[in-house]
Every structure is written in C-alpha cells, then in structure tokens.
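Subject: A structure to look through

Hello,

Here is the structure I promised to pass on to you. Please open it beside this email, and then read on for what turned up.

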Amino acid sequence: MPRVRVAAKSRRNAELGLLLLAMAVVAAYAATVEANLLDTVTLDFWVPIAAVGAVFLALHLVVRFLAPYADPVLVPAVALVNGLGVAFLRRLDLANAAPEERADFAIFSGTGGRQLAWTLASVILAAGLLVLMRDHRAVSRYAYTLGLAGIVLVIIPAVLPARYSQVNPQSDAKLWISVGGFTIQPGEFAKLALLVFFAYYLVRKREVLSLASRRFLGVDFPRGRDLGPVVVVWIISLGVLVFQKDLGTSLLYFGMFVVTLYIATERVSWLIIGLLLFFGGAFLAYFLGSTVGGPFANFYTRVEIWLDPYGDAYGAGWQPLQGLLGLGTGGLFGTGPGGGQPTQIPEVHNDFIFAGMGEEIGLFGLSALLVIYLLIIERGLRAALAVRDSFGKLLAGGLSFTLCLQLFVIIGGISSLIPLTGQTTPFLSAGGSSLMANWLLVATLLRISDAARRPVETGTGPRPSGAPATPPPQLHGATTEVIRP
Amino acid sequence: MPPFVITVARIGFIVLLWIFVFTVVGVIRRDLFAGARSSRLVAAPRGVGAVLGNTKPAKVKRGRAAHQLVVTAGQLAGTRITLGEAQITIGRAEDSTLVITDDYASARHARLVPRSGQWFVEDLGSTNGTYLDRAKVTGPTPVPLGVPIRIGRTSLELRP
C-alpha cells in the first residue's frame, strides 16, 4: 500500500561482527580478572562467556529471520554490557570465595552464576517476544489491560506486609514480592506495561492535548481538564514515594509520563509543568520529612546524606562514601579488572555496581561504558524518529527515555550528583526482574526499529509475513505513508 | 603473572572497549549516509509501485520547475516528497499519496496533477475546501512555486 521507499539493507552481518567483537571484549575482561585474582588464567575462564555468547548468537539468529531490518547496534551493545555484568559479578564471587576454591569455581554458583542463568532466561524470553509480537502495533490492542496490570504491579508491594515485600533488612524500601525464597521486583515490569498504556492513551488524546490551550507568559498551557491524567500519575508516583519509600521509581514513572506527553504534543509547557510538579513534590517531601517524619523521613535522610556525606561517615553515609572512594581509587585507568577492592562497597553487586566497576576500569573504561549506553539510547530514539506510526514513535521514544532516566537516577546517585536512590543499573546489576524487563524492552525496540527500517512494500503486493493486513482498527492516525526524513 | 602482563591486559581491555565503541559508531555512521542518499522520498501512483525501484524522479526541466512538495505546517510539517510524473493525492484515506491526519481534511481531499511541467491543484469535492494562498480552488488551478496550498491546518508548497 505505501509507495514511498528508502534504500534499506538489513545489516545483519554487521550485527554478527559487532556481537563477536563484544564477546571478545567480555572474554578479555574475564581473562584479565583471572590473571589478577588467581595469578594465572585457567583453561576454562571462557566457559561462562561462551554460555552467554551462545544465547546471544541464538538471539541474533532469531532477529535475522524474524526482524531482518532491526537495528544492528542494539543487540551487540546490550550484549556487551550484560556480558560485562555477568563477568563482574563472577569476579565478586571469586573475591569472596576462599583462595583454594577460586581455581575451579562452578559456573552457575554464586551471584554471577545466578546472573548467568537469568541472562540465558531473559534472552530466550526476548526472543520469544520477537516471535510472538510480529507487529508492535498489535500491542496497542491490550493497552488498557496492560495499563491496569501496570498499576496493580506498582501497588502490590506497597500493600503487602513487609515480610513479603522487603528483601533487604537494611533498607526499608518495599519493592519486591517475595514468596518462598523466590523474589520478583514487579516495578520493573510495570514500567513497560504502563508505557504501552501511556503511548496508546496519548496517541488518542494528542490532538486535544496539543490544540486546546491557553497562552500564558508566551508558553501554551493545556486546559485544566486535560491535565487530569498527569495529575493522577503524579499522585501515583508520590504514593510510590511515600508507601514504598523509593524516590527513584517515583521519579522514573513521573518522568516517563511527562516525556511521552512531550513527545506526543511537542509542547514545552508539559516539561515545565512536569519539572515544577516534581520539584514541588520533592521539596514538600523533604519539608515534611524534617518536620513530620513518618513516611517521609527516609527521603529526608537521603537528601541529608547527599548534602553532607561525611556527616555520618560510619553510619548512613558509609555506602555512598565507599562508592565515591572506589571511583576515586580507580582514577583515570583503574586498578585493572580483578585488581581493585570492590567488595568494600555494600551492595556492590546491585545498586553500586557502577562504582565497583569504576574502581577497576577507571574513568576511561566507565566513559566507554556510558557511551555504549548512550548509543543504545540513541538507536532507540532513532527508531522512534523513523517509525511511521504514532504509537510506535511514542513507545520507542518512551522506552529509550526510560532507560536513559533510570541510568541518570542511579549513576547520578552514585556519583553524588543527585540524592542517592536505589535503582538497578540496566543490564549490569544483579537481579532477574530488572534484566528480564530490560531485555523485553530491547526486544520491543528491535521490533519497532525493524518496522522503521523495513523498506516499504510496493503496490498492493503481499505484506511481510505476520503483519496484519490492516493496521489495528482502534489506532487513531496510526499510519502515515510518508516518512519524515 | 608478571606485572608487565597485568598492565598490558589492564590497558588493553580499555583499548578494546573503546575499539568496540568506535566500531559501533562506524556502523551507525555508514547507516546515516545510507539514509542521506535516499532521504528524498519518491512518490509514485498506485499500481506503478512495482517498478518503483527503477523509476527516476521526473525529467522535468531544470530551473524553475518544481521538484519537491514540502509540508510547511500541520502535523506532517517538514515532510518532503520528491515529485515524479505521477499525480499526488492528498487526504485522510489510507491510499492517498500523502496521508494527512488533519481533522479538517476530507478522506479524498485534493490532488496535484502535472501537465507538461506545470503542476495543477484540483479539489476533489472536499468538505472544507482547498485554498491556494487565500483563494478557494474551484477547478484545476496552476500552482506557482512557493505559494502555499492550504488544506485544513496543513500547508504545502512546491519547491524547486
């Protein structure tokens, strides 16, 4: 049906080459770790790397057949970060193990082993999503269901008794569902579900949101009644802040919604309103924390630590300080993989993994890692720009921005740019829920970028297999046949 | 392990990491240029699409002839269509050449037809009308370069 065409190559071989290079980098890391920690490189240092490499290759094959025009950079870049995460967690296990056990440390034992197993499961799940979801627009049919599921997932940990929702006794954040030794973090999945709903809702409402407005101080402000959903999401995210004691997640949900709103309407006023509401809420929480205490006390302490980390250096400030000292010890080039003392930092396998790695790979290594994240996000935004339907644009833009905001929240917290709040570092931190949710995010981006880069079918000939003959009927303004260059 | 080997491995890893980064940037860069060569969109009529790979943009006379249709206002603002020899239909219908999501546009709103190097705009019985600059279009009207064609909230212009 569309008659517009862009030159397109699938670039799958470039993806394969990059993937092999990524695995070589991870293998070099693992070998250096062993050289430092064991003083020799064992013959099977490559086994965990080969395991993740094999499953990444399988994903590459699935992409090659099911999403042939998908972005060639996404899979290798994510694979590199994920592989480094697995190797670093294994390195922590090695450091914690007794010296005589180190040489033959089983590959599926310890945090690193669990992360390896989770990686295998997540990548298979991502491949499964690619198989099931042949057209990203099909997801919009389940938008309301997903929206409801997202809200339920956000609320569950808040209402569960602490016994089932608190995993870590030191921090009192209630983010988990823990049943019989098996723990999931539903917020990670809620992010994706809510984003699908936001994208769908805003595609339907974009006209009224962007057109009906009043002009004030040179900026177009929307009407009061159109603000409704924003205020609701703001209240939900404040609720998360209060009941789950998690500033980062609430910032994440709110930022996610405001930015999708901004992408949908192209109005700067939404960003201004969003920032004002967020800072208003944060100041209010800080003020209430210092006077009333109660549920806000946690947030107040976080800000106090941020303002003066040395105030309670052996108590509340211990963890952030150890992180900063680790980064400082690393300097420009780092102490070398396996050469530092990352186990000094509490929670280094989780929230503080970036500080732990930073000690060993230094500023140059960390900035390379950040550039790789940046490239992943850029490719996501690129897919959002190029895809031809509004729902896909909003979804891809929102997903990439969420990834970006989460990185900002946790790395900003570790480097003391903003008050520290517990977030996982995407693809790097130990944790199955986070890894799984982020791989599902990557699968969605792959699907959207495939749709964006696929050469448009000519005439009324057969459409690509799996794509529905007509776009989903409810989508308002779903297709424009003209690509914006 | 001798310290020398450790140092080489340590620096080598960072170098390798950056090599990866630059390879990725190289792939993206080739991608960008591949996009740049074909960033102009070629519009062809329905049914002729099958041979579209071989059609070149129309051989209209260089100089003052129109080569591009540019959307200057409305939701699709910034969209460019390279003009061929085929007519361009504009409207909300899925099979239009330029599908505009504009509440004030009809399903089949207007069309642009080339006749010996000159483009004519023709209203297809739309509800809200087509305007060439300020004047309502009633019959086929020649479109000069740079004069806005207004359809609902969308404006289009021919550019050389």
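What pLDDT does chain B average, and what share of the residues score at least 70? This is a predicted model, and chain B averages a pLDDT of 77, with 79% of the residues at 70 or above. One stretch needs care: over residues 35-62 of chain B the pLDDT is below 50. That stretch still has 56 contacts in the model beyond near neighbours in sequence. Where pLDDT is low, the predicted coordinates should not be read in detail. For the model as a whole, the scores are ipTM 0.85 and pTM 0.76.

Let us stay with chain B for a moment. It has 1 helix and 11 strands, and along the sequence the helix comes before the strands. Of its 160 residues, 32% count as buried. Among the contacts in chain B that join residues at least 6 apart in sequence, 47% link residues at least 24 apart.

Now try to find the sheet. Six strands of chain B make an open sheet in the order 2-1-11-10-7-8, with antiparallel pairing. Its edges are strand 2 (80-82) and strand 8 (135-136) of chain B, each of which pairs on one side only. Strand 1 (residues 68-73) of chain B is joined to strand 2 of chain B by 3 bridges. If you would like one pair to look for, B:Gln68 stands opposite B:Thr82 in strand 2 of chain B.

Next, chain A and its helices. Helix 2 (residues 47-66) of chain A has 20 residues, which should span 28 Å at 1.5 Å a residue; its end C-alpha atoms are 29 Å apart, so the two agree. Its buried residues include A:Ile49, A:Val52, A:Phe56, A:Leu59 and A:Val63. An α-helix has 3.6 residues a turn, so residues three or four places apart point the same way. Among the elements that cover the buried residues of helix 2 of chain A are helix 1 (12-37), helix 3 (74-96), helix 4 (110-132) and helix 15 (432-453) of chain A.

Helix 9 (residues 247-265) of chain A is a good second example. Its 19 residues reach 27 Å from the first C-alpha to the last, close to the 27 Å expected. Here 19 of the 19 residues are buried, so helix 9 of chain A is largely enclosed by the rest of the structure. Just after this helix comes A:Glu266, whose phi is positive, near 55°.

What about the nonpolar cores? The largest has 138 residues, and A:Val26, A:Leu80, A:Val196 and A:Ala199 have the most contacts inside it. Helix 13 (residues 353-386) of chain A gives the largest share of this core, 15 residues. A second, separate core has 21 residues, including B:Ile81, B:Ala105, B:Leu112 and B:Val143. Back in chain A, A:Val26 touches A:Ile49, A:Leu80, A:Gly83, A:Leu84 and A:Ala87, leaving out residues up to four places away in sequence.

One last residue to find is A:Leu420, in the loop between helix 14 (390-414) and helix 15 of chain A. Is A:Leu420 buried or exposed? A:Leu420 has 26 other C-beta atoms within 10 Å, and 20 or more count as buried, so A:Leu420 is buried. Beyond its neighbours within four places in sequence, its contacts are A:Arg302, A:Ile305, A:Trp306, A:Pro320 and A:Gly413.

Best wishes

Definitions and conventions. Residues are numbered from 1 along each chain as its sequence is written. Chains are lettered from A and ligands numbered from 1 in the order in which they are written. This is a predicted model: local features need pLDDT of at least 70, side-chain atom pairs count only at pLDDT 80 or more; totals for chains, interfaces and linings use all residues. Two strands pair if DSSP finds at least two bridges between them. Helices (H or I, at least four residues) and strands (E, at least two) are DSSP runs, numbered from the N terminus. A residue is buried if 20 or more other C-beta atoms lie within 10 Å of its own, exposed if 12 or fewer, and partly exposed in between; C-beta atoms are placed from the backbone. Two residues are in contact if their C-beta atoms, placed from the backbone, lie within 7 Å. The expected span of a helix is 1.5 Å times one less than its number of residues. A nonpolar core is a set of buried Ala, Val, Leu, Ile, Met, Phe, Trp, Tyr and Cys residues joined through C-beta atoms within 7 Å. pLDDT is the predictor's confidence in each residue, from 0 to 100.
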